[in-house]
Amino acid sequence: MKFWPRTLLWRSVLLIALVLIVAHLASLQVFRVSEREPRARQIAQQIVSAVNLTRAALITAQADKRLSLLSDLSQREGIQIYLGEPGEQVAPLPDLPTFNLVAAEVRERLGADTKLTTNRGGVYGTWVSFTIDDDEFWVLLPRSRLERIEPLRWIGWVALVLVLALAGAYLIVARINRPLRALTRAAAQMGQGKIPPPVEETGPAEIRTLASAFNQMATDLKRLDDERALLLAGVSHDLRTPLSRIRLGLEMLDDKGDSELKAGLVRDVEDIDAAINQFLDFARLGEVEPAVAEGDLNALVRSVAERYARSGQPVAMRLSPLPPMTLRTMAMQRLIANLIDNALRHGRSEVEVATGKMPGCAFVEVIDRGPGVPPDQAERMVQPFTRLDAARGGAGTGLGLAIVDRIARMHGGSIRLLAREGGGLRARVELPLAAKG
Ligand SMILES: Nc1ncnc2c1ncn2[C@@H]1O[C@H](COP(=O)(O)OP(=O)(O)O)[C@@H](O)[C@H]1O
Ligand SMILES: [Mg+2]
């Protein structure tokens, strides 16, 4: 249904409007029905007295004064009198409740053979017949006598009441909605991995409770985040110094012993070092790096790829032209590096970085021909410290994709782990492009 609005505000306003309209129409109908009988009686009363007066005047007037009496009646009262034709047939009254009530009342008072019509020989008005001796007369009553209250004025009043009620409904709903909107905004920020400033705890009790609970949750999350970052940073920092001592010691060992053992130890130290770097990266996510307004995603991809080329791990690139976008340079490089690390470690072959554009967003993706990630596991993999199969790939912290996810959300984007056609993983990060304007 296209007409049904999406926001709570307009849905509520529309619902209240519908209820008001139905209630108004219902009460109008009740009023019309209950007012019908008294009104019909009043109209009948007017008709009866007009007919009786005319009839009495005609009977008592002297024959030679009748003509002037008739013209007098017509001029002063707007009542016109005509002589009926013998055996005259007229159109019956329209079958409407009010007309039926009036006709019944008039016939009760003036006699059952009184005829009423609204159209006598093409002349419209309220026509009532009466007889004097054997002659039939017709009275044509002026419109203004029987005019009902103009329906147009009624509609005007009802419309005014409706507009006022609608404005009131809008004000009420908007008032309730305001704190809700603040909450929605804050929740959306939270979804992007930011900690929003506390929302105002105002409005009705339920919304106040919600806002307060939300604020509490945000504070708790922030504290938890801070504590985790502090812990990770502290531990990593403390591990680093002894680790570099170990590395130094290893290098100083002569090769006379088991060289294979030594190489293994060096690899282990490198793994630990990489893990510590990931811990530090993860801990640093809380620090907000200022965003560059006219960032060049392709340039970032190139600079990261160069780093890999220098260390002897060339990565293929397929870059498409992209519009400038708002980027956090360091964070975005970390994101790309983490995806390439994963492809090199878990994917092992045919690693390629690509950028491109889709409607409304740009993407950067790293593809490989490794074992990939089963679709039902993809969502879980971006959680911190989760790994597909801890036994599968040696060292690793399970933080890489979590870091990617957090950085993507920081930019309003998201990560998707897709199956590459022909086997392998397509890890794609989509970043919204600001609407041109
Ligand atoms: N390119 C890839 N190919 C196959 N599996 C992957 C790929 N990238 C990530 N994964 C899976 O997702 C898990 C989580 O990745 P990540 O968070 O980077 O942790 P880590 O790399 O430290 O194990 C990995 O353990 C791996 O099982
Ligand atoms: Mg990783």
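## Helix 9, the ligand 1 shell and the nonpolar cores

Helix 9 gives the largest share of the shell around ligand 1, namely 4 residues, where helices (H or I, at least four residues) and strands (E, at least two) are DSSP runs numbered from the N terminus. This is a predicted model, in which local features need pLDDT of at least 70 and side-chain atom pairs count only at pLDDT 80 or more, while totals for chains, interfaces and linings use all residues. Residues are numbered from 1 along each chain as its sequence is written, and chains are lettered from A and ligands numbered from 1 in the order in which they are written.

The shell around ligand 1 holds 22 residues, the closest being Asn342, Arg387, Leu388, Gly396 and Gly400; a residue is near a molecule if its C-beta atom, placed from the backbone, lies within 6 Å of it. Helix 9, helix 11 and strand 11 are the elements that give two or more residues to this shell.

Helix 9 also packs against helix 11, at an angle of about 145 degrees and with the axes 9 Å apart; axes are lines fitted to C-alpha atoms, for helices over the stretch in contact, and angles run from 0 to 180 degrees between N-to-C directions. Residues of helix 9 including Leu335, Asn338 and Asn342 meet residues of helix 11, among them Gly400, Val404 and Ile407, contact being defined by C-beta atoms, placed from the backbone, within 7 Å.

The largest nonpolar core has 40 residues, of which Leu335, Ile336, Leu339, Ile340, Val366 and Val404 touch the most other members. Such a core is a set of buried Ala, Val, Leu, Ile, Met, Phe, Trp, Tyr and Cys residues joined through C-beta atoms within 7 Å. Helix 9 gives the most to this core, with 8 residues. Not counting residues up to four places away in sequence, Val366 touches Leu339, Ile340, Ala343, Val351, Val353 and Ala427.

Most residues other than glycine have a negative phi, and the table lists two non-glycine residues with a positive phi. A residue is buried if 20 or more other C-beta atoms lie within 10 Å of its own, exposed if 12 or fewer, and partly exposed in between, with C-beta atoms placed from the backbone.

| Residue | Phi | Loop | Exposure |
|---|---|---|---|
| Arg348 | about 70 degrees | between helix 9 and strand 8 (352-358) | partly exposed, 14 C-beta neighbours inside 10 Å |
| Phe385 | about 65 degrees | between helix 10 (375-381) and helix 11 | exposed, 9 other C-beta atoms within 10 Å |

Definitions and conventions
Two residues are in contact if their C-beta atoms, placed from the backbone, lie within 7 Å.
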